[in-house]
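Colleague: I'm new to this one. Can you put it up and walk me through it?

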Number of protein chains: 2
Amino acid sequence: MNKFYEIFRDLKQKIDQKEYPAGSLLPSELNLAQMYNVSRETIRKALNLLLESGYIQKQQGKGSIVLDIQRLQFPVSGLTSFKELQEGQQIDSQTIVIKNKTEKIPRYLAEQFHLPEDTDVVSLVRLRKISGEVIILDKDYLLHDIVDSVPTEAAEVSLYGYLEKECKLTIAYAKKEFVVEPITQEDQKYMNLKNDTHVVVVKSEVYLEDTRLFQYTESRHRLDRFKFVEFARRKHTLL
Amino acid sequence: MNKFYEIFRDLKQKIDQKEYPAGSLLPSELNLAQMYNVSRETIRKALNLLLESGYIQKQQGKGSIVLDIQRLQFPVSGLTSFKELQEGQQIDSQTIVIKNKTEKIPRYLAEQFHLPEDTDVVSLVRLRKISGEVIILDKDYLLHDIVDSVPTEAAEVSLYGYLEKECKLTIAYAKKEFVVEPITQEDQKYMNLKNDTHVVVVKSEVYLEDTRLFQYTESRHRLDRFKFVEFARRKHTLL
DNA sequence: CAGCATTTGTACGTATGTATT
DNA sequence: CAATACATACGTACAAATGCT
(Lines give C-alpha, C1' and ligand atoms only; values in the text may rest on other atoms or scores of the structure.)
Protein backbone atom coordinates (compact mmCIF):
# COMPACT_ATOMS: atom_id res chain seq x y z
CA MET A 1 0.00 0.00 0.00
CA ASN A 2 0.98 3.67 -0.22
CA LYS A 3 3.44 5.09 2.18
CA PHE A 4 1.27 8.07 3.06
CA TYR A 5 -1.68 5.83 3.69
CA GLU A 6 0.31 3.51 5.93
CA ILE A 7 1.58 6.48 7.89
CA PHE A 8 -1.97 7.81 8.18
CA ARG A 9 -3.12 4.49 9.59
CA ASP A 10 -0.22 4.33 11.99
CA LEU A 11 -0.79 7.85 13.28
CA LYS A 12 -4.51 7.24 13.57
CA GLN A 13 -3.89 4.16 15.63
CA LYS A 14 -1.47 5.99 17.88
CA ILE A 15 -4.02 8.73 18.42
CA ASP A 16 -6.74 6.19 19.19
CA GLN A 17 -4.46 4.55 21.71
CA LYS A 18 -3.63 7.95 23.21
CA GLU A 19 0.01 7.64 22.43
CA TYR A 20 -0.67 11.09 21.03
CA PRO A 21 -3.36 12.29 23.45
CA ALA A 22 -6.08 14.81 22.62
CA GLY A 23 -4.87 18.35 22.98
CA SER A 24 -1.23 17.49 22.39
CA LEU A 25 0.84 18.33 19.34
CA LEU A 26 2.05 15.75 16.89
CA PRO A 27 5.77 15.81 16.12
CA SER A 28 6.58 18.39 13.47
CA GLU A 29 6.35 17.42 9.83
CA LEU A 30 10.11 17.42 9.57
CA ASN A 31 10.42 15.17 12.61
CA LEU A 32 7.78 12.80 11.32
CA ALA A 33 9.55 12.68 7.97
CA GLN A 34 12.73 11.59 9.74
CA MET A 35 10.88 9.14 12.00
CA TYR A 36 9.20 7.40 9.09
CA ASN A 37 12.15 7.93 6.78
CA VAL A 38 10.11 9.59 4.06
CA SER A 39 9.93 13.04 2.54
CA ARG A 40 7.98 15.85 4.14
CA GLU A 41 5.39 15.83 1.39
CA THR A 42 4.52 12.23 2.12
CA ILE A 43 3.95 13.20 5.75
CA ARG A 44 1.79 16.10 4.65
CA LYS A 45 -0.44 13.78 2.65
CA ALA A 46 -0.90 11.56 5.67
CA LEU A 47 -1.68 14.57 7.86
CA ASN A 48 -4.24 15.76 5.33
CA LEU A 49 -6.09 12.48 5.70
CA LEU A 50 -6.08 12.94 9.46
CA LEU A 51 -7.33 16.47 8.96
CA GLU A 52 -10.22 15.41 6.74
CA SER A 53 -11.29 12.67 9.09
CA GLY A 54 -11.38 15.02 12.06
CA TYR A 55 -8.39 13.60 13.91
CA ILE A 56 -6.25 16.72 13.97
CA GLN A 57 -6.38 20.44 13.46
CA LYS A 58 -3.37 22.11 11.86
CA GLN A 59 -2.14 25.57 12.68
CA GLN A 60 0.56 27.31 10.71
CA GLY A 61 3.57 28.13 12.84
CA LYS A 62 2.34 25.96 15.67
CA GLY A 63 1.75 22.40 14.65
CA SER A 64 -0.86 19.66 14.37
CA ILE A 65 -3.17 19.51 17.37
CA VAL A 66 -4.80 16.19 18.20
CA LEU A 67 -8.57 16.55 18.51
CA ASP A 68 -10.81 14.85 21.02
CA ILE A 69 -12.14 12.25 18.67
CA GLN A 70 -13.75 10.26 21.48
CA ARG A 71 -16.78 12.47 21.39
CA LEU A 72 -16.68 12.31 17.62
CA GLN A 73 -17.00 8.54 17.43
CA PHE A 74 -19.10 8.16 14.30
CA PRO A 75 -19.00 7.62 10.56
CA VAL A 76 -17.45 10.98 9.65
CA SER A 77 -20.15 11.39 7.06
CA GLY A 78 -19.30 10.25 3.58
CA LEU A 79 -20.37 7.08 1.89
CA THR A 80 -20.60 4.29 4.39
CA SER A 81 -22.80 1.25 4.13
CA PHE A 82 -25.08 -0.04 6.84
CA LYS A 83 -22.82 -3.02 7.33
CA GLU A 84 -19.75 -0.85 7.73
CA LEU A 85 -21.62 1.35 10.18
CA GLN A 86 -22.54 -1.59 12.33
CA GLU A 87 -18.99 -2.84 12.39
CA GLY A 88 -17.83 0.44 13.77
CA GLN A 89 -20.44 0.40 16.49
CA GLN A 90 -20.96 -3.21 17.48
CA ILE A 91 -24.73 -3.04 17.59
CA ASP A 92 -26.79 -6.17 17.35
CA SER A 93 -28.44 -5.85 14.01
CA GLN A 94 -30.02 -8.01 11.37
CA THR A 95 -30.95 -7.62 7.73
CA ILE A 96 -33.99 -9.24 6.18
CA VAL A 97 -34.33 -9.30 2.40
CA ILE A 98 -37.99 -9.15 1.44
CA LYS A 99 -37.55 -8.52 -2.26
CA ASN A 100 -34.80 -9.30 -4.74
CA LYS A 101 -35.72 -9.41 -8.41
CA THR A 102 -34.99 -7.84 -11.77
CA GLU A 103 -37.75 -5.64 -13.16
CA LYS A 104 -38.44 -2.49 -15.15
CA ILE A 105 -37.35 0.76 -13.56
CA PRO A 106 -40.10 2.71 -11.75
CA ARG A 107 -41.35 5.55 -13.92
CA TYR A 108 -40.42 8.36 -11.57
CA LEU A 109 -36.82 7.18 -11.57
CA ALA A 110 -36.71 6.84 -15.35
CA GLU A 111 -37.81 10.46 -15.57
CA GLN A 112 -35.52 11.74 -12.88
CA PHE A 113 -32.45 10.23 -14.48
CA HIS A 114 -33.49 10.50 -18.12
CA LEU A 115 -33.35 6.74 -18.62
CA PRO A 116 -35.51 4.74 -21.07
CA GLU A 117 -38.73 3.46 -19.53
CA ASP A 118 -37.78 -0.13 -20.31
CA THR A 119 -34.51 0.03 -18.37
CA ASP A 120 -33.99 -3.07 -16.23
CA VAL A 121 -33.00 -2.73 -12.61
CA VAL A 122 -32.29 -5.14 -9.80
CA SER A 123 -34.83 -4.15 -7.18
CA LEU A 124 -34.01 -4.87 -3.56
CA VAL A 125 -36.08 -4.22 -0.45
CA ARG A 126 -34.41 -4.86 2.88
CA LEU A 127 -35.48 -4.44 6.48
CA ARG A 128 -32.91 -3.44 9.07
CA LYS A 129 -33.60 -4.72 12.54
CA ILE A 130 -31.85 -3.29 15.54
CA SER A 131 -32.48 -4.89 18.91
CA GLY A 132 -35.35 -6.81 17.39
CA GLU A 133 -37.23 -3.84 15.94
CA VAL A 134 -37.48 -2.91 12.28
CA ILE A 135 -36.02 0.58 12.26
CA ILE A 136 -35.04 1.05 8.63
CA LEU A 137 -36.52 0.05 5.30
CA ASP A 138 -34.05 0.17 2.41
CA LYS A 139 -35.19 0.23 -1.19
CA ASP A 140 -32.36 -0.23 -3.71
CA TYR A 141 -32.38 -0.08 -7.47
CA LEU A 142 -29.22 -1.27 -9.23
CA LEU A 143 -28.85 -0.82 -12.97
CA HIS A 144 -29.06 -4.26 -14.54
CA ASP A 145 -26.58 -3.27 -17.24
CA ILE A 146 -23.95 -3.03 -14.57
CA VAL A 147 -25.02 -5.63 -12.02
CA ASP A 148 -26.53 -8.79 -13.36
CA SER A 149 -28.06 -9.93 -10.10
CA VAL A 150 -27.39 -9.97 -6.39
CA PRO A 151 -27.30 -13.17 -4.34
CA THR A 152 -29.75 -12.73 -1.47
CA GLU A 153 -26.98 -13.87 0.83
CA ALA A 154 -24.86 -10.91 -0.31
CA ALA A 155 -27.75 -8.50 0.18
CA GLU A 156 -28.09 -9.76 3.73
CA VAL A 157 -24.45 -9.54 4.65
CA SER A 158 -22.85 -6.72 2.72
CA LEU A 159 -24.08 -5.43 -0.61
CA TYR A 160 -21.11 -3.12 -1.09
CA GLY A 161 -18.70 -5.85 -0.17
CA TYR A 162 -20.22 -8.05 -2.88
CA LEU A 163 -20.27 -5.31 -5.50
CA GLU A 164 -16.72 -4.18 -4.85
CA LYS A 165 -15.03 -7.51 -4.23
CA GLU A 166 -17.02 -9.91 -6.41
CA CYS A 167 -18.16 -7.62 -9.20
CA LYS A 168 -14.99 -5.52 -9.14
CA LEU A 169 -17.00 -2.32 -9.24
CA THR A 170 -15.45 0.85 -7.92
CA ILE A 171 -17.96 3.06 -6.21
CA ALA A 172 -16.74 6.62 -6.37
CA TYR A 173 -19.22 9.20 -5.14
CA ALA A 174 -22.84 9.90 -4.33
CA LYS A 175 -25.34 12.67 -4.01
CA LYS A 176 -27.38 12.25 -0.86
CA GLU A 177 -30.55 14.03 0.09
CA PHE A 178 -32.19 13.99 3.51
CA VAL A 179 -35.89 14.77 3.76
CA VAL A 180 -38.88 13.87 5.92
CA GLU A 181 -41.86 12.27 4.21
CA PRO A 182 -45.27 10.94 5.23
CA ILE A 183 -45.27 7.18 5.71
CA THR A 184 -46.39 4.85 2.94
CA GLN A 185 -48.38 1.64 3.20
CA GLU A 186 -45.15 -0.23 2.71
CA ASP A 187 -43.54 1.57 5.68
CA GLN A 188 -46.64 0.81 7.73
CA LYS A 189 -46.60 -2.82 6.75
CA TYR A 190 -42.99 -3.65 7.49
CA MET A 191 -41.67 -1.24 10.08
CA ASN A 192 -42.44 -1.03 13.79
CA LEU A 193 -43.88 2.44 13.49
CA LYS A 194 -46.01 3.03 16.58
CA ASN A 195 -47.99 6.22 15.98
CA ASP A 196 -45.53 7.86 13.63
CA THR A 197 -46.88 9.72 10.66
CA HIS A 198 -43.52 10.44 9.04
CA VAL A 199 -40.17 8.82 8.31
CA VAL A 200 -36.76 10.29 7.53
CA VAL A 201 -35.78 9.41 3.99
CA VAL A 202 -32.19 9.41 2.77
CA LYS A 203 -32.15 9.34 -1.03
CA SER A 204 -28.81 8.45 -2.58
CA GLU A 205 -27.63 8.49 -6.16
CA VAL A 206 -24.49 6.41 -6.32
CA TYR A 207 -21.96 6.69 -9.15
CA LEU A 208 -19.02 4.59 -10.32
CA GLU A 209 -15.47 5.71 -10.97
CA ASP A 210 -16.28 6.24 -14.65
CA THR A 211 -19.17 8.54 -13.59
CA ARG A 212 -21.89 6.11 -14.63
CA LEU A 213 -24.95 6.16 -12.39
CA PHE A 214 -25.33 2.72 -10.98
CA GLN A 215 -27.57 2.74 -7.92
CA TYR A 216 -30.45 4.68 -6.47
CA THR A 217 -31.41 4.06 -2.88
CA GLU A 218 -34.09 5.24 -0.51
CA SER A 219 -33.29 4.50 3.07
CA ARG A 220 -36.38 5.07 5.18
CA HIS A 221 -35.74 5.55 8.89
CA ARG A 222 -38.03 5.62 11.89
CA LEU A 223 -38.00 9.17 13.22
CA ASP A 224 -37.08 8.43 16.81
CA ARG A 225 -34.10 6.28 15.90
CA PHE A 226 -32.66 8.41 13.16
CA LYS A 227 -29.39 10.17 13.81
CA PHE A 228 -26.84 11.47 11.37
CA VAL A 229 -23.56 12.94 12.50
CA GLU A 230 -20.97 14.68 10.43
CA PHE A 231 -17.66 16.38 10.88
CA ALA A 232 -17.48 19.49 8.73
CA ARG A 233 -14.70 21.90 8.00
CA ARG A 234 -15.29 25.52 7.20
CA LYS A 235 -14.12 26.44 3.75
CA HIS A 236 -13.51 30.13 4.06
CA THR A 237 -12.42 30.71 0.57
CA LEU A 238 -14.16 28.05 -1.37
CA LEU A 239 -17.18 29.80 -2.84
CA MET B 1 -4.18 34.84 -3.13
CA ASN B 2 -2.76 31.37 -3.78
CA LYS B 3 -2.09 30.28 -7.27
CA PHE B 4 -3.83 26.95 -6.84
CA TYR B 5 -6.88 28.64 -5.44
CA GLU B 6 -7.05 31.13 -8.29
CA ILE B 7 -6.77 28.31 -10.78
CA PHE B 8 -9.49 26.40 -8.93
CA ARG B 9 -11.80 29.40 -9.20
CA ASP B 10 -11.01 29.89 -12.85
CA LEU B 11 -11.64 26.25 -13.72
CA LYS B 12 -14.82 26.22 -11.65
CA GLN B 13 -16.11 29.25 -13.51
CA LYS B 14 -15.28 27.70 -16.87
CA ILE B 15 -17.14 24.55 -15.88
CA ASP B 16 -20.14 26.56 -14.71
CA GLN B 17 -20.16 28.40 -18.00
CA LYS B 18 -19.88 25.09 -19.88
CA GLU B 19 -16.61 26.03 -21.45
CA TYR B 20 -15.73 22.61 -20.12
CA PRO B 21 -19.08 20.84 -20.48
CA ALA B 22 -20.27 17.98 -18.28
CA GLY B 23 -18.97 14.65 -19.49
CA SER B 24 -15.93 16.12 -21.19
CA LEU B 25 -12.34 15.82 -20.07
CA LEU B 26 -10.33 18.72 -18.73
CA PRO B 27 -6.95 19.30 -20.38
CA SER B 28 -4.31 17.04 -18.90
CA GLU B 29 -2.44 18.19 -15.82
CA LEU B 30 0.65 18.81 -17.92
CA ASN B 31 -1.32 20.91 -20.38
CA LEU B 32 -2.99 22.88 -17.63
CA ALA B 33 0.40 23.48 -16.04
CA GLN B 34 1.62 24.98 -19.31
CA MET B 35 -1.60 26.95 -19.85
CA TYR B 36 -1.41 28.56 -16.41
CA ASN B 37 2.36 28.66 -16.40
CA VAL B 38 2.69 26.84 -13.10
CA SER B 39 4.02 23.50 -11.97
CA ARG B 40 2.02 20.32 -12.18
CA GLU B 41 1.67 20.11 -8.42
CA THR B 42 -0.06 23.47 -8.31
CA ILE B 43 -2.53 22.20 -10.89
CA ARG B 44 -3.06 19.05 -8.88
CA LYS B 45 -3.96 21.08 -5.81
CA ALA B 46 -6.52 23.04 -7.80
CA LEU B 47 -7.96 19.83 -9.22
CA ASN B 48 -8.23 18.41 -5.73
CA LEU B 49 -10.43 21.30 -4.72
CA LEU B 50 -12.62 20.63 -7.74
CA LEU B 51 -12.71 16.96 -6.77
CA GLU B 52 -13.78 17.66 -3.20
CA SER B 53 -16.50 20.03 -4.26
CA GLY B 54 -17.96 17.55 -6.69
CA TYR B 55 -16.99 19.30 -9.90
CA ILE B 56 -14.85 16.59 -11.40
CA GLN B 57 -14.03 12.93 -11.13
CA LYS B 58 -10.46 11.85 -11.79
CA GLN B 59 -9.41 8.58 -13.36
CA GLN B 60 -5.86 7.42 -13.51
CA GLY B 61 -4.65 6.96 -17.06
CA LYS B 62 -7.66 8.77 -18.45
CA GLY B 63 -8.10 12.25 -17.07
CA SER B 64 -10.43 14.54 -15.15
CA ILE B 65 -14.07 14.12 -16.13
CA VAL B 66 -16.39 17.09 -15.63
CA LEU B 67 -19.46 16.09 -13.60
CA ASP B 68 -23.00 17.24 -14.16
CA ILE B 69 -23.06 19.72 -11.33
CA GLN B 70 -26.33 21.24 -12.52
CA ARG B 71 -28.31 18.60 -10.72
CA LEU B 72 -26.00 19.04 -7.76
CA GLN B 73 -26.87 22.70 -7.21
CA PHE B 74 -26.57 22.90 -3.43
CA PRO B 75 -24.32 23.72 -0.52
CA VAL B 76 -21.97 20.76 -0.85
CA SER B 77 -22.45 20.08 2.82
CA GLY B 78 -19.82 21.41 5.18
CA LEU B 79 -20.07 24.43 7.38
CA THR B 80 -22.23 26.97 5.70
CA SER B 81 -24.29 29.63 7.42
CA PHE B 82 -27.93 30.40 6.72
CA LYS B 83 -26.95 33.68 5.14
CA GLU B 84 -24.45 32.02 2.84
CA LEU B 85 -27.03 29.42 1.91
CA GLN B 86 -29.52 32.05 0.91
CA GLU B 87 -27.00 33.89 -1.19
CA GLY B 88 -26.38 30.77 -3.22
CA GLN B 89 -30.06 30.27 -3.83
CA GLN B 90 -31.67 33.69 -4.09
CA ILE B 91 -34.63 32.91 -1.90
CA ASP B 92 -36.58 35.67 -0.27
CA SER B 93 -35.81 35.25 3.37
CA GLN B 94 -35.82 37.24 6.54
CA THR B 95 -34.27 36.88 9.97
CA ILE B 96 -35.99 38.06 13.16
CA VAL B 97 -33.99 38.25 16.37
CA ILE B 98 -36.26 37.54 19.32
CA LYS B 99 -33.57 37.18 21.97
CA ASN B 100 -30.05 38.53 22.34
CA LYS B 101 -28.58 38.67 25.81
CA THR B 102 -25.73 37.42 27.95
CA GLU B 103 -26.72 34.86 30.59
CA LYS B 104 -25.52 31.74 32.40
CA ILE B 105 -25.08 28.64 30.27
CA PRO B 106 -28.01 26.18 30.36
CA ARG B 107 -27.23 23.29 32.67
CA TYR B 108 -27.44 20.54 30.05
CA LEU B 109 -24.83 22.31 27.97
CA ALA B 110 -22.53 22.85 30.94
CA GLU B 111 -22.66 19.11 31.56
CA GLN B 112 -22.29 18.09 27.95
CA PHE B 113 -19.15 20.18 27.47
CA HIS B 114 -17.73 19.92 30.98
CA LEU B 115 -17.94 23.66 31.53
CA PRO B 116 -18.48 25.39 34.90
CA GLU B 117 -22.14 26.04 35.69
CA ASP B 118 -21.52 29.77 35.95
CA THR B 119 -20.10 30.06 32.43
CA ASP B 120 -21.48 33.10 30.61
CA VAL B 121 -22.85 32.77 27.12
CA VAL B 122 -24.38 35.11 24.60
CA SER B 123 -27.77 33.59 23.99
CA LEU B 124 -29.43 34.24 20.65
CA VAL B 125 -32.81 33.12 19.38
CA ARG B 126 -33.63 33.85 15.77
CA LEU B 127 -36.56 33.07 13.50
CA ARG B 128 -35.96 32.39 9.83
CA LYS B 129 -38.79 33.37 7.58
CA ILE B 130 -39.00 32.10 4.04
CA SER B 131 -41.76 33.40 1.81
CA GLY B 132 -43.43 34.88 4.86
CA GLU B 133 -43.53 31.71 6.95
CA VAL B 134 -41.38 30.93 9.98
CA ILE B 135 -39.65 27.75 8.90
CA ILE B 136 -36.63 27.64 11.18
CA LEU B 137 -35.94 28.54 14.79
CA ASP B 138 -32.25 28.98 15.59
CA LYS B 139 -30.95 28.90 19.15
CA ASP B 140 -27.32 29.96 19.48
CA TYR B 141 -25.02 30.00 22.50
CA LEU B 142 -21.69 31.80 22.06
CA LEU B 143 -19.05 31.60 24.77
CA HIS B 144 -18.85 35.01 26.37
CA ASP B 145 -15.11 34.58 26.97
CA ILE B 146 -14.62 34.66 23.24
CA VAL B 147 -17.42 36.91 22.01
CA ASP B 148 -18.31 39.83 24.20
CA SER B 149 -21.66 40.53 22.60
CA VAL B 150 -23.37 40.49 19.24
CA PRO B 151 -25.06 43.56 17.76
CA THR B 152 -28.63 42.59 16.92
CA GLU B 153 -28.04 44.07 13.50
CA ALA B 154 -25.22 41.56 12.94
CA ALA B 155 -27.37 38.66 14.14
CA GLU B 156 -29.98 39.69 11.59
CA VAL B 157 -27.68 40.04 8.65
CA SER B 158 -24.80 37.62 9.05
CA LEU B 159 -23.54 36.31 12.35
CA TYR B 160 -20.57 34.56 10.80
CA GLY B 161 -19.68 37.62 8.80
CA TYR B 162 -19.59 39.65 12.01
CA LEU B 163 -17.59 37.06 13.93
CA GLU B 164 -15.05 36.50 11.20
CA LYS B 165 -14.64 40.02 9.91
CA GLU B 166 -15.25 42.19 12.99
CA CYS B 167 -14.09 39.87 15.76
CA LYS B 168 -11.32 38.32 13.66
CA LEU B 169 -12.30 34.84 14.75
CA THR B 170 -11.38 31.91 12.56
CA ILE B 171 -14.02 29.25 12.57
CA ALA B 172 -12.40 25.94 11.73
CA TYR B 173 -14.65 22.93 12.10
CA ALA B 174 -17.84 21.61 13.61
CA LYS B 175 -19.53 18.45 14.70
CA LYS B 176 -23.10 18.37 13.46
CA GLU B 177 -25.85 16.03 14.50
CA PHE B 178 -29.20 15.63 12.77
CA VAL B 179 -32.11 14.23 14.75
CA VAL B 180 -35.90 14.52 14.88
CA GLU B 181 -37.47 15.69 18.14
CA PRO B 182 -40.96 16.37 19.45
CA ILE B 183 -41.88 20.04 19.30
CA THR B 184 -41.46 22.31 22.31
CA GLN B 185 -43.70 25.12 23.50
CA GLU B 186 -41.17 27.53 22.05
CA ASP B 187 -41.41 25.86 18.61
CA GLN B 188 -45.17 25.99 18.89
CA LYS B 189 -45.16 29.64 19.85
CA TYR B 190 -42.92 31.00 17.15
CA MET B 191 -43.07 28.71 14.14
CA ASN B 192 -45.88 28.18 11.64
CA LEU B 193 -46.24 24.54 12.53
CA LYS B 194 -49.67 23.44 11.29
CA ASN B 195 -50.32 20.02 12.79
CA ASP B 196 -46.72 18.93 13.08
CA THR B 197 -45.69 17.04 16.16
CA HIS B 198 -41.97 16.97 15.38
CA VAL B 199 -39.18 19.15 14.05
CA VAL B 200 -35.80 18.31 12.54
CA VAL B 201 -33.04 19.53 14.83
CA VAL B 202 -29.51 20.19 13.64
CA LYS B 203 -27.20 20.45 16.64
CA SER B 204 -23.80 21.96 15.91
CA GLU B 205 -20.70 22.29 18.05
CA VAL B 206 -18.49 24.87 16.40
CA TYR B 207 -14.77 25.16 17.10
CA LEU B 208 -12.12 27.76 16.37
CA GLU B 209 -8.77 27.29 14.68
CA ASP B 210 -7.09 26.83 18.06
CA THR B 211 -9.60 24.04 18.80
CA ARG B 212 -11.49 26.01 21.46
CA LEU B 213 -15.23 25.33 21.52
CA PHE B 214 -16.94 28.58 20.84
CA GLN B 215 -20.53 28.05 19.77
CA TYR B 216 -23.33 25.58 20.25
CA THR B 217 -26.35 25.86 17.99
CA GLU B 218 -29.68 24.14 17.65
CA SER B 219 -31.36 24.80 14.36
CA ARG B 220 -34.96 23.62 14.51
CA HIS B 221 -36.61 23.06 11.12
CA ARG B 222 -40.17 22.49 10.12
CA LEU B 223 -40.39 18.92 8.82
CA ASP B 224 -41.94 19.61 5.47
CA ARG B 225 -39.42 22.25 4.49
CA PHE B 226 -36.31 20.52 5.69
CA LYS B 227 -33.86 19.30 3.11
CA PHE B 228 -30.18 18.55 3.44
CA VAL B 229 -28.07 17.58 0.47
CA GLU B 230 -24.52 16.40 0.45
CA PHE B 231 -21.93 15.24 -2.00
CA ALA B 232 -19.97 12.36 -0.58
CA ARG B 233 -16.96 10.47 -1.81
CA ARG B 234 -16.35 6.87 -0.99
CA LYS B 235 -13.24 6.33 1.01
CA HIS B 236 -12.33 2.77 0.19
CA THR B 237 -9.30 2.56 2.28
CA LEU B 238 -9.94 5.01 5.05
CA LEU B 239 -11.08 2.86 7.94
C1' DC C 1 -2.35 -9.66 -27.50
C1' DA C 2 1.74 -6.95 -27.18
C1' DG C 3 3.55 -2.49 -27.31
C1' DC C 4 3.41 2.43 -27.05
C1' DA C 5 1.95 7.07 -25.88
C1' DT C 6 -0.79 9.53 -22.69
C1' DT C 7 -2.42 10.62 -18.17
C1' DT C 8 -2.81 10.42 -13.35
C1' DG C 9 -0.59 8.74 -8.74
C1' DT C 10 3.29 8.57 -5.63
C1' DA C 11 7.63 10.10 -3.81
C1' DC C 12 11.67 12.87 -3.18
C1' DG C 13 14.27 17.17 -2.97
C1' DT C 14 14.74 22.15 -2.67
C1' DA C 15 13.58 26.87 -1.98
C1' DT C 16 10.91 30.55 -0.17
C1' DG C 17 6.96 32.65 2.37
C1' DT C 18 4.31 33.26 6.61
C1' DA C 19 2.64 32.48 11.30
C1' DT C 20 3.82 31.25 16.07
C1' DT C 21 6.64 31.16 20.04
C1' DC D 1 15.03 39.23 16.58
C1' DA D 2 15.69 34.32 16.02
C1' DA D 3 14.18 29.66 15.82
C1' DT D 4 10.54 26.65 14.69
C1' DA D 5 6.70 24.90 12.01
C1' DC D 6 3.42 24.85 8.51
C1' DA D 7 2.11 26.61 3.47
C1' DT D 8 3.14 27.23 -1.21
C1' DA D 9 5.61 26.35 -5.40
C1' DC D 10 8.78 24.28 -8.69
C1' DG D 11 11.20 20.41 -10.62
C1' DT D 12 12.26 15.49 -11.40
C1' DA D 13 11.58 10.57 -11.60
C1' DC D 14 9.14 6.52 -11.77
C1' DA D 15 4.80 3.61 -11.18
C1' DA D 16 0.21 2.35 -12.69
C1' DA D 17 -3.96 2.68 -15.43
C1' DT D 18 -6.02 3.66 -19.86
C1' DG D 19 -6.67 3.68 -24.72
C1' DC D 20 -5.08 3.06 -29.21
C1' DT D 21 -2.36 0.82 -32.75
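Colleague: Which polar backbone atom lies 3.3 Å from a base oxygen of DNA strand C?
Modeller: That atom belongs to Gly61(B). The pair is a polar contact, meaning two N or O atoms within 3.5 Å; within protein, one must be able to donate a hydrogen and the other to accept it, and residues adjacent in sequence count only if both atoms are side-chain atoms.

Colleague: Before we go on, what should I know about the model and the labels?
Modeller: The model is predicted, with local features needing pLDDT of at least 70 and side-chain atom pairs pLDDT 80 or more, while totals for chains, interfaces and linings use all residues. Residues are numbered from 1 along each chain as its sequence is written, chains are lettered from A and ligands numbered from 1 in the order written, and side-chain values use heavy atoms, without hydrogens and water.

Colleague: Back to DNA strand C. What touches its phosphate oxygens?
Modeller: Arg44(B) puts a side-chain N or O atom 2.7 Å from one. Glu29(B) has a backbone N or O atom 2.8 Å from a phosphate oxygen.

Colleague: Which elements give two or more residues to the surface near that strand?
Modeller: From chain A, helix H1 (3-16) and H3. From chain B, H3, strand S1 (56-59) and strand S2 (63-66). Helices (H or I, at least four residues) and strands (E, at least two) are DSSP runs, numbered from the N terminus. "Near" means a residue has a heavy atom within 4 Å.

Colleague: Which residues come nearest to DNA strand C?
Modeller: Lys3(A), Glu41(A), Thr42(A), Arg40(B) and Arg44(B), out of 21 around the strand. Of the strand's atoms within 4 Å of the protein, 67% are sugar or phosphate, and the rest belong to bases.

Colleague: Now DNA strand D. Which residues come nearest there?
Modeller: Glu29(A), Arg44(A), Lys3(B), Glu41(B) and Thr42(B), from 22 around it. Sugar and phosphate make up 69% of the strand D atoms within 4 Å of the protein.

Colleague: What reaches its base nitrogens?
Modeller: Arg40(A) has a polar side-chain atom 2.7 Å from one. A side-chain N or O atom of Gln60(B) is 3.4 Å from a base nitrogen. As for phosphate, Arg44(A) has a side-chain N or O atom 2.6 Å from an oxygen.

Colleague: Which element gives the most to the surface near strand D?
Modeller: H3(B), with three residues.

Colleague: New topic. What does UniProt list for chain A?
Modeller: Its unreviewed entry gives "domain: HTH gntR-type" for residues 1-69. That stretch is 51% helix and 12% strand, with its end C-alpha atoms 25 Å apart.

Colleague: How far apart are the axes of H1(A) and H3(A)?
Modeller: They are 8 Å apart, and the helices pack at about 50°. So H1(A) is oblique to H3(A). Oblique means outside the other classes: under 35 degrees is roughly parallel, over 145 roughly antiparallel, and 65 to 115 roughly perpendicular. Axes are lines fitted to C-alpha atoms, for helices over the stretch in contact, and angles run from 0 to 180 degrees between N-to-C directions.

Note on methods: UniProt positions renumbered as here; feature names shortened; annotations may be inferred.
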